[in-house]
Structures are given as C-alpha cells and as structure tokens.
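User: Please take a close look at a single strand and its pairing partners, and then show how that part sits in the whole. I'd like one connected account.

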Amino acid sequence: MRNILKHRAITLTELLVGISLISLVLIPAGSLYRNMVRSSVTGILINDLMNTGKRISAQIHDDLQNSCLPYRGAFQLSFDDLLQLHQSEDAGLAGMEICLYRYPRQPVYVKESHDLKNFNIVKLTRVCYRIEKSENSRLLKLIRTETFPGQPEIVKVLSDKLNFFKVSPLRKKLSGSKEAWFWDVAFQLATLPQNMADQKDPITADRSKGILILDFFDLAYSEFYNSLANNQFSPRNWNTGLVFQF
Amino acid sequence: MRIATKKLGDGFAFSEILIAILLFGLISLYLMQLFNFSNQGTMLVYYQHIAEKLAEEPIEFLRGTGYEGIIACEQNKFPEYKVDIWHSLADSNELTADDRPDAVSLFERKISLSPTVAEDTRGYLVRVVVRPVSTSSSFLQKRMEEVTCSAFILERP
C-alpha cells in the first residue's frame, strides 16, 4: 500500500500544467520554425528569379546588339525596321511576338567551293521572342526561337514567370542632324501563390502573401545600325552585306 | 557553507522556468535576426544587380552615341548623364522615365570622363560609380558598397 502511494500516477492538474508549459515553448518555436521556412523559401525564389532575369537580360542584350537587316544592294534603313512587333490589342501581352535578324553566333569559314559572287554575304539568324499564356497561372511564358538557314529551329522557354515585358525604341538627338537610337528593355518576373491563379486584380508585390516581383531593365543599341548610320557612304563589306534565306 | 541540493522528484521552481523561457526567447530573437539578415542578403543581391545595370547604362549609351556623344556628354549636354557630379537617380530621366523600377531612386551616380591619347588614337576612359543615397535604408548603406564600371571608348573613323 505504501509503495502504491509512493509511485502514484500524475494528476490531471500536473498534466495540464505540463501541457501549458510545453505549449508556452512550442508555440513560439513553431512560429519561429514557420518563419524560418518561409524566409528560406523566399530566398530561394528570389535567387531563382534573379538568375533567370539576368540570363534573359543578357540574352536579349546580345540579340539586340547584334541585330541587323538582310541587305542586297541599296536600301533606305530605318531603326524601326530592325524589330518586327506582332501584337493583338485584345490579348494584351499574351500572343505578342518580337522578331529580329542577328549576326550568326557560329564563325563563318571560307570554303574552297565558296561562291565568289556572294563572298561578302553573311547568312543571318532569325530570332523571335514570343509571349504565351501559362497553364494554371496568371503569369506568362517567354519563348525564344532561333532559326539559322539550313538548320533545325531552336525553341527555348526562357521563363514561365513573366509578368511584364517591353522593348521600346529611344531616340537621342546629338549635335546637328545626328541622332543615336537605342532600345530600352524592361521586364518583370514574379512568383504567385497557387490560390491567385483565378484572380484578375493587378499583381502587386506582397511578401506576406507570397507575391514576389523583380524588375529588370537594360539599354542596348544595334552595332550594325550605328555603323551604317554613322558611315552612310562606306561600301558594303563582310559586316554589312547580309542575307537571310531558307 | 551551505550548498543547495535538489531531491529527485522535485518539480521546477518558478524562477527556473522563467529563466528557461528568457533563454529561449533570447535564442529565438537571435535566430530571427539571423534569418532577417539572410533575407536582407538576398535582397542585397538584387540591389547589387540594379546598381550594376545603372552603372553599365551610361557606358552603353556613350558607346551607342560614339565619340561625338562623349564630347557632348563632357559638355553636360545630356541632363540624364551629368558628368563629374553625384546626381540622384530619383530625378526623372527623360530617356528612360517610365520603365525603371522604384528601387532605382535608392541610388545616385557619378560619371567621370578622362581623355586619353595613344599614338594617333584618341579616346576616353569612362568611369561610372553608383552608390546608395544617404536617405536610403540603413541596411543598404551599411552593407552595400559602391559599384564601379569602366570602359575605354575610342574615336573610330
């Protein structure tokens, strides 16, 4: 009987006090853990958006800087001719396509059987940036296609987190009648929580709701256009004698 | 000397629980600060990228305008790209006014042009420095250093 009293079970009060004490410790610990996980996920998402944004920005910059026009003989050149924009007013950004010709990435080797008549003609690469709707998301896909004569088309989805995209021409007057032309590139990448897929309100950054938006911008110019605009009467050479043919 | 001992089976004293909670609170606070610090670090990478782009922009602009443009810039004919003076980027930039993120206003920029001549070739060393403005958040001022970009732009026929 004495033994039973000595090793009695815990009382309800003791149990309740114990649970309360554990709760006192676990509730802040749980909240801390949740914040830590959220913070870590946010960090990973921002890094992911950053890397994607930098890659897209560098790719667009390279394409715009190397942009040019097929040339065979004399022609009137305008800066607007370098980019062809296709956009439906009803669809907004989705369905927009921006196309250009650019110098090829691959080196062009002279072959023994080379047609001397066209010796100074460089085959160009056709590049298009297309924006499409994503499945189950309000964000858009940015797709780049590259076509080089005689080779299969290369299609690459650069991102499926696009929120905004704009390439606009800029003109800066220099002395006299001279002027310089640039492209201003601006785009946004974003991440949204799943429950926002059906909403139609404009997206604004709110970390507490898991909405992250990063802006990217760039200024680029066409070396081809500048060299022609500044040296209008120079004869065509390897750099300015160009062609695009399938 | 009297040494306080505790018998097996005694519960925790109230003061012990308070001390334990205090310690736990302090550790939690430290961990929270650690994660806040890590979050700021991630954002710092983004701000660093913006600062780099702001430093590259005048160089790209001057490359695009050519040697003639650099001379015009040296005479401060482009209000967006003032030379030898720190200017805040919060001021509206006629060239790229609408397409820049708000974060741009956290920085200021200084452009320096040094003429150089080598044999028969003339050129300019363009140096652009971007730093956070004094009114930006303290974390940006403490943790972010100046970003500098330099380039030689030569006079080409």
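Analyst:
**Strand β3 of chain B and its surroundings**

Thr116(B) finds its bridge partner in β3(B), at Gly123(B). Helices (H or I, at least four residues) and strands (E, at least two) are taken here as DSSP runs, numbered from the N terminus, and two strands pair if DSSP finds at least two bridges between them. Keep in mind that this is a predicted model, where local features need pLDDT of at least 70, side-chain atom pairs count only at pLDDT 80 or more, and totals for chains, interfaces and linings use all residues. Residues are numbered from 1 along each chain as its sequence is written, while chains are lettered from A and ligands numbered from 1 in the order in which they are written.

Let's start with the strand's first neighbour. Strand β2 (residues 107-118) and strand β3 (residues 121-132) of chain B run antiparallel and are joined by 12 bridges. Farther along this ladder, Ser112(B) has Arg127(B) in β3(B) as its bridge partner. The hairpin of β2(B) and β3(B) has two residues between the strands, and Glu119(B) takes a positive phi near 50° there.

On to the other neighbour. Strand β4 (residues 147-154) of chain B pairs with β3(B) over eight bridges, again in the antiparallel sense. Here Val130(B) is placed opposite Val147(B) of β4(B). Put together, four strands of chain B make an open sheet with the order β1-β2-β3-β4 and antiparallel pairing. The edges are held by β1 (87-88) and β4 of chain B, each of which has a single partner strand, so one side of each is left without a neighbour in the sheet.

One residue deserves a longer stop. Tyr124(B) belongs to strand β3 of chain B. Is Tyr124(B) buried or exposed? A residue is called buried if 20 or more other C-beta atoms lie within 10 Å of its own, exposed if 12 or fewer, and partly exposed in between, with C-beta atoms placed from the backbone. Tyr124(B) is buried, because 21 other C-beta atoms lie within 10 Å. Contact is defined as C-beta atoms, placed from the backbone, within 7 Å of each other. Neighbours within four places in sequence aside, Tyr124(B) is in contact with Ile70(B), Leu113(B), Ser114(B), Pro115(B), Thr116(B) and Ile153(B). Its C-alpha is 9.6 Å from that of Ser112(B), a residue 12 positions away in sequence.

Val130(B) leads us from the sheet to a helix residue. Once neighbours within four places in sequence are set aside, Leu54(B) is in contact with Val130(B) as well as Leu89(B), Val104(B), Phe107(B) and Arg109(B). Leu54(B) also counts, with Leu162(A) and Ala51(B), among the residues with the most contacts inside the largest nonpolar core, which has 49 residues. Such a core is a set of buried Ala, Val, Leu, Ile, Met, Phe, Trp, Tyr and Cys residues joined through C-beta atoms within 7 Å. Helix α1 (residues 14-74) of chain B supplies the largest share of this core, 10 residues. Another core, of eight residues, lies apart from it and includes Cys68(A), Leu82(A), Val127(A) and Phe224(A).

Now for the chain around the sheet. Chain B contains two helices and four strands, and its elements run α-β-β-β-α-β from the N terminus on. Of its 157 residues, 23% count as buried. Among contacts in chain B with a separation of 6 or more, 57% are between residues 24 or more positions apart.

Finally, the partner chain. In all, 28 residues of chain B are in contact with 33 residues of chain A. The side of chain B that touches chain A is made of 12 nonpolar, 10 polar and six charged residues; Ala, Val, Leu, Ile, Met, Phe, Trp, Tyr, Cys and Pro count as nonpolar, Asp, Glu, Lys and Arg as charged, and the others, Gly among them, as polar. Chain A itself has three helices and 10 strands, and 21% of its 246 residues count as buried. Chain A offers antiparallel pairing too: 11 bridges join strand β7 (residues 154-173) to strand β8 (residues 179-191), with Phe165(A) opposite Phe187(A) in β8(A). The hairpin of β7(A) and β8(A) has five residues between the strands, and Gly176(A) takes a positive phi near 65° in it.

Terms used: Two residues are in contact if their C-beta atoms, placed from the backbone, lie within 7 Å.
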